[in-house]
Amino acid sequence: MTEHKMPARSLKKWILPTLTGLFAIYASAALYYSTLEPEPLRLGATAICALLFILTGLIRKTIQRCAILLGMVTCFFIWFYTDQPSNTRDWAGEYAVLADAVQEGRIIHVHNIRNFSYKTESDYTPHYYNADFNLDHLSSIDLITSYWSGDSIAHVFLSFGFDDGRHLAVSIETRRQKKFSYSTIAGFFHHYELTYVTADERDLIGVRTDIRKERVYLYQLELSPQTREAVFKNYLTEIHQLNTQPRWYNTLLDNCTTEILARANARTRYRLDWRVLLSGYTASLAYDLELLNTHYDFATLHRLSRIIRPENATPDENYSNEIRESLPITLANK
């Protein structure tokens, strides 16, 4: 009889309180970082959620306690999975306008390409333009990694190059509201929508090299023309769909790195590689997949691929050519 009671005692004393505590933290954080409005409702729901989980500890009978907890967990997940993303919020300026892309034959019409002029990171003049791109002239895809602190985490995005010298940079980011500052923790919950920022390189790369002074690296992906076109069209499809089907951003599951893998090749989305999570090593992963120039060892390629800008430089009309002048992709063609 004592042996039969032991599992029940362990459940009541250790397992159930631990699971309750962990889920209480998750549920409370999800409510706290949610987009519930007005703010008193969001804060009140967070406090009530935490309090209810605490009060379950006063229930003596394990079966009753489990039943109530199950009901609370069910209610939480019903709310969580019916909490829908939106395109109609008061967005931060750099995310206020969504890009769109429409294909007609071999011509791609891209609308609202961002090209801000920056004095500082927060002081900028907004500007957007439209452009047409011919799929027959898509000549390259570059992988850009931008580091602001340490080597483990970087922002990763692609730039599509055409044989007339134009480049279209596309960055998968959090679509942030004006009232929210960026938070990695918040990105694990329904706090940010996901957006594809479609921009001129003077904006998307230039703000990182010349304004924020981040360490930025540019690698040319070695892909067949058919694969380049498939990746580009996959991006364009997602850009168009986000105009009518918004999605939540997720720091772990739907971030800049996992989305690139999904758009580039669906089978790599579930690749069990630690570098998928530590985005600073995305280029190393691409190198091992033989998607980069393998004439160099990776350490040498990484060193040579850093974009070096003159002191006090600002992005001008020749920016895309300037940042590539000393890179391996240019030197190899000289």
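A residue counts as buried here when its relative accessible area is under 20%, and by that criterion 46% of the 334 residues of the protein chain in this predicted model are buried. The secondary structure of the chain comes to 11 helices and 10 strands. Among contacts in the chain with a separation of 6 or more, residues 24 or more positions apart account for 64%. On the outside, the protein chain exposes about 17800 Å², of which carbon and sulfur atoms supply 57%.

Turning to the interior, the largest nonpolar core has 55 residues, and those with the most contacts inside it are Leu158, Phe160, Phe232 and Tyr235. Helix α1, which covers residues 2-32, contributes the largest share of this core, namely 7 residues. Apart from this core lies another one of 15 residues, with Ala169, Leu204, Leu218 and Ile323 among them.

Two of the residues just named for the largest core, Phe232 and Tyr235, are buried residues of helix α6. If residues up to four places away in sequence are not counted, Phe232 touches Ile108, Leu135, Leu138, Phe160, Phe162 and Leu168. Helix α6 itself runs over residues 225-241, and its 17 residues reach 24 Å from the first C-alpha to the last, close to the 24 Å expected at 1.5 Å a residue. The buried residues of α6 also include Arg228, Glu229 and Glu238, alongside Val231, Leu236 and Ile239.

Helix α2, spanning residues 39-55, likewise has 17 residues and reaches 24 Å between its first and last C-alpha, close to the 24 Å expected at 1.5 Å a residue. Its buried residues are Arg42, Thr46, Cys49 and Phe53. Seen down the axis of α2, these buried residues fall within an arc of 65°, and they therefore line one face of the helix. The general background is that an α-helix has 3.6 residues a turn, so residues three or four places apart point the same way. On the face of α2 turned away from the buried side, the exposed residues are Pro40, Ile48 and Ile54.

The cysteines can be considered last. A search of the whole structure finds 0 disulfides. Cys49 is one of the buried residues of α2, whereas Cys66, at 29% relative accessibility, counts as partly exposed. Cys75 has a relative accessibility of 53% and therefore counts as exposed, the cut-off for that class being over 50%.

Note on methods
Residues numbered from 1 in each chain as written. Predicted model: local features only at pLDDT ≥ 70, side-chain atom pairs only at ≥ 80, totals over all residues. Heavy atoms only, no water. Core = buried A, V, L, I, M, F, W, Y, C linked by side-chain atoms within 4.5 Å. Buried < 20%, exposed > 50% of the residue type's maximum accessible area, 1.4 Å probe, protein only. Helix = DSSP H or I, 4+ residues; strand = E, 2+ residues; numbered from the N terminus. Contact = heavy atoms within 4.5 Å. Expected span 1.5 Å × (residues − 1). Arc of directions from axis to C-beta. Disulfide = S-S within 2.5 Å. Areas by Shrake-Rupley, 256 points an atom, 1.4 Å probe, with all protein chains shown as cover.
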